[in-house]
Amino acid sequence: MIFAEWKPIAELIEKLKPYKKVLLAGCATCVAECAAGGEKEVETLAPLLRMALQKQGHTVEIVTATLDKQCEWEFVEQLAEQAAEVDAIMSVACGIGVQALAERFDPKPVYPGVNTSALTIREEAGLWAGRCAACGDCVLGETFGYCPIARCAKSLLNGPCGGTRKSGKCEVNEDVDCIWNLIVERAYERGQIESLAEPKRTKNWSNSGHGGPKRVIREDLRQ
Amino acid sequence: MKTLVGSNLERVLAEGHFAVTAEVGPPRGPEAEVVKKKAGILRGVADAYNVTDNQTAVVRMSSIAASKILLQEGLEPVMQIVCRDRNRIAIQSDLLGAWALGMRNVLCLSGDHQSAGAGGKLNGHPGAKNVYDIDSIQLISVVKGLRDEAVQDGGDSISSAAPFFIGAAWTPLGPPEKFRTIRLAKKINAGADFIQTQAVYDIKRFSEAVRRAEDMGLAEKTAILAGIIIPRSAGMLRYMNNNVPGIEVPDELIGRMKDAADPHEEGIKITLELIDAARNLSGIKGVHLQAIEAEGLLPDVIKAAGLLPRPHVY
Amino acid sequence: MSNRAEQAKQGLEIVVLYCQHGICDDAKASAWSQDAEGMYVRAVMMPCSSKLEVPYILKILESGADAVEIVACPEKSCKLLTGSLRAERRVEYIRGLLEKIGYAPERVGISRKLAQKPDELIKIAGTRADAVRSLGTNPMKTGEQQ
Ligand code: SF4
Ligand code: SF4
């Protein structure tokens with residue numbers, strides 16, 4: 001899922017305090033999964049914002065809504081009425097949702113309530129971890145199912161750097177596995193270590209954000 | 001004697017001498033004088049001098065500039081390049097520039113991640129956007145392409161080849177230990193002419209790793225220089241053992257430092273023993289010596305090890 | 001609002017959320033309120049403290065209560081085993097959120113007790129009231145700025 005987390009509340013207050021009425025808009029998909037922007041989080045953040053604003057002497061009315069998906073126009077449309085009644089919108093969906101609202105409800109100011117930061121899996125309750133960096137040239141087939149782009153701090157393609165700790169963790173964070181240590185372990189387990197002895201050439205990053213803004217056309221789906 | 005590049009380090013190794021390299025960290029400031037002063041202390045005691053590239057992700061004088069100053073002072077640099085801060089375009093451009101300035105040895109490294117500058121002792125730049133466009137093994141191939149085929153990574157040719165003597169690092173005792181020999185092989189196959197290892201203290205485990213490399217025929221395809229950091233105290237050894245990945249310090253050495261009446265003397269004694277042990281390993285062709293924040297110790301140590309004078313005073 | 005303002009004058013408004021498994025039968029009413037010394041206690045029975053949601057508690061504070069006290073079962077007697085533990089974690093989380101908006105974290109608390117009688121709940125509420133008395137009334141109630 002797309003992972004996001006609340007921006008510091010002080011930052012949100014700064015954005016909202018000039019307005020009289022604001023819509024706080026959530027999304028029931030990824031950001032609900034990562035407990036940042038689903039209905040529950042919207043209904044947690046709204047009272048907090050109201051209390052904080054009032055305490056600082058700002059009278060801002062905050063109304064709330066949570067869409068099934070903020071990244072699809074059909075769902076975004078459901079906000080039309082509420083959006084018309086407010087001075088500004090704060091979205092706690094991922095950056096895609098925020099932009100969808102900004103585009104649909106232009107010129108209404110739309111602010112992000114969260115920082116969108118990764119593509120994660122929920123490893124266990126209350127623990128999310130990055131899995132993919134949308135690199136545009138997937139190598140999972142050669143790395144035994146572990147992503148060395150998102151999960152190695154240096155996005156190495158030819159094996160572990162010299163920083164693997166004795167514990168098998170990454171030099172950058174002692175709580176995070178050195179993914180190359182796991183890749184190598186799995187390769188040995190499967191008796192396929194030779195495949196990692198092959199050099200991986202320099203990567204083509206152009207199919208990711210590094211190649212410029214993404215734009216894809218599928219003629220078969222066009223109307 | 002046929003050499004690829006003709007650097008002093010390459011010639012020393014090609015002639016079969018036991019090589020000595022030392023490390024010169026560029027200053028955290030713009031003073032050429034600091035580099036010159038270190039050069040003055042170290043002139044003549046090693047065959048080439050590693051110049052670090054923003055080591056531990058702390059901003060220092062660039063490795064190209066500091067290398068050039070060494071060169072002007074009559075010391076041959078081993079210019080280090082890390083993949084953290086520059087993409088393949090910048091790295092290749094810097095390599096051409098470095099060659100134009102007279103650099104002939106490079107050491108290709110991934111580079112310490114920027115998340116903790118100097119292990120958290122300095123602010124560093126944890127908010128920096130890192131690059132890691134290519135990795136250290138790919139970097140070796142890129143340098144080799146510039147040297148052997150006068151071609152850039154993207155396939156365009158360069159007007160004339162830029163021959164470098166190519167170095168790489170090896171952390172033989174880092175996990176996954178078994179794979180470290182394979183990774184060494186990858187570096188050598190990619191074009192590494194010489195290897196400098198992570199600091200060695202556990203000579204027994206190190207010699208086993210070197211034997212594994214010899215068994216794979218790697219030791220004759222490249223020149224492996226054993227990394228040695230002069231121990232200064234028991235605390236330093238303990239710290240490295242616990243916190244520096246790939247460094248294994250036997251308890252016995254820590255104990256010796258702890259019990260020593262004069263830890264300084266003991267540290268030098270241990271260093272000399274390590275150099276001696278390295279010289280007796282058939283797969284080892286030299287030593288890479290470091291005295292962290294104490295370069296002044298190196299001349300005496302190298303002399304005491306019987307490694308002076310160097311074959312070519314350059 | 002005027003009713004509220006009167007209450008504020010009378011004393012602190014403390015909301016007690018208590019677990020139905022922890023109370024004797026004669027106190028099993030879903031909600032009741034009572035004036036006590038220096039405070040006004042509103043008590044709400046919950047099916048189980050593990051069901052306690054963060055937004056629900058925040059809304060109570062938003063609506064002007066001076067403090068919320070959750071009375072959860074002791075670990076050993078919790079019907080859901082870890083239910084009351086989870087409630088405790090949520091209370092910690094809410095306290096952290098309150099701090100971030102400049103509210104005293106003491107406005108939310110949890111006790112893990114088998115409070116058999118309404119009297120005991122009032123006593124627990126009193127302890128919470130003591131903890132927040134020096135903070136003054138909830139700014140949401142009076143509309144005043146701190
Ligand atoms: S290799 Fe690229 S596409 Fe595949 S999981 Fe990793 S980042 Fe995602
Ligand atoms: S320790 Fe492992 S995961 Fe961390 S940067 Fe090095 S290779 Fe990547």
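**View 1. The surroundings of ligand 2 in this predicted model.** Let us start with ligand 2, which has 13 residues around it. The closest of them are A:Cys152, A:Pro160, A:Cys161, A:Cys170 and A:Cys178. Sorted by class, this shell holds nine nonpolar, two polar and two charged residues. The space that ligand 2 takes up is the largest cavity.

**View 2. The surroundings of ligand 1.** Which residues are around ligand 1? They are A:Arg131, A:Cys132, A:Ala133, A:Ala134, A:Cys135, A:Cys138, A:Val139, A:Leu140, A:Cys147 and A:Ile149. By class, the shell around ligand 1 contains nine nonpolar residues, one charged residue and no polar ones.

**View 3. Chain A as a whole, to set the close-ups in context.** Chain A is built with eight helices and nine strands. Its C-alpha atoms fill a box of roughly 65 × 50 × 25 Å, taken along the principal axes. The radius of gyration of chain A is 22 Å, whereas a compact globule of 223 residues would have one near 17 Å. Of the 223 residues in chain A, 44% count as buried.

**View 4. A:Phe144 and its positive phi.** This close-up visits the loop between β7 (127-132) and β8 (169-170) of chain A, where A:Phe144 lies. Phi of A:Phe144 is near 55 degrees, a positive value in a residue other than glycine. Most residues other than glycine have a negative phi. Is A:Phe144 buried or exposed? With a relative accessible area of 8%, A:Phe144 falls under the 20% cut-off, so A:Phe144 counts as buried.

**View 5. B:Asn54, another residue with a positive phi.** In chain B, the loop to look for is the one between β2 (48-51) and α3 (63-72), the place of B:Asn54. Here phi is near 45 degrees, and B:Asn54 is a residue other than glycine. B:Asn54 counts as buried because its relative accessibility is 16%, and buried means under 20%.

**View 6. A cis peptide bond at A:Pro107.** The bond to find here runs from A:Asp106 to A:Pro107; it is cis, with omega near 10 degrees. Most peptide bonds are trans. A:Pro107 has its place in the loop between α6 (95-104) and β5 (110-112) of chain A.

**View 7. A cis peptide bond at B:Pro176.** Where in chain B is B:Pro176? Its place is in the loop between β5 (165-170) and α6 (177-190). The peptide bond that leads from B:Pro175 to B:Pro176 is cis, with omega near -5 degrees.

**View 8. B:His264 in helix α10.** B:His264 belongs to helix α10 (residues 263-279) of chain B. This residue is partly exposed, with a relative accessible area of 37%. From B:His264 to B:Asn123 there are 141 residues in sequence and 30 Å in space, C-alpha to C-alpha.

**View 9. Confidence along chain C.** Chain C averages a pLDDT of 82, and 77% of its residues score at least 70. Which helix of chain C has the lowest confidence? That is helix α1 (residues 2-10), at a mean of 50. Confidence in chain C is highest in helix α2 (residues 54-62), at 96. Where pLDDT is low, the predicted coordinates should not be read in detail. The model itself scores ipTM 0.95 and pTM 0.93.

How values were computed: Residues numbered from 1 in each chain as written. Chains lettered and ligands numbered in written order. Predicted model: local features only at pLDDT ≥ 70, side-chain atom pairs only at ≥ 80, totals over all residues. Heavy atoms only, no water. Near = heavy atom within 4 Å. 1 Å grid on protein atoms, 1.4 Å probe; cavity = no way out; pocket = protein on both sides within 12 Å on 5 of 7 lines; lining within 4 Å. Sits in = over half its atoms within 2 Å of the grid points. Nonpolar A, V, L, I, M, F, W, Y, C, P; charged D, E, K, R; others polar. pLDDT = per-residue confidence, 0-100. Helix = DSSP H or I, 4+ residues; strand = E, 2+ residues; numbered from the N terminus. Rg over C-alpha atoms; globule rule 2.2 N^0.38 Å. Buried < 20%, exposed > 50% of the residue type's maximum accessible area, 1.4 Å probe, protein only.
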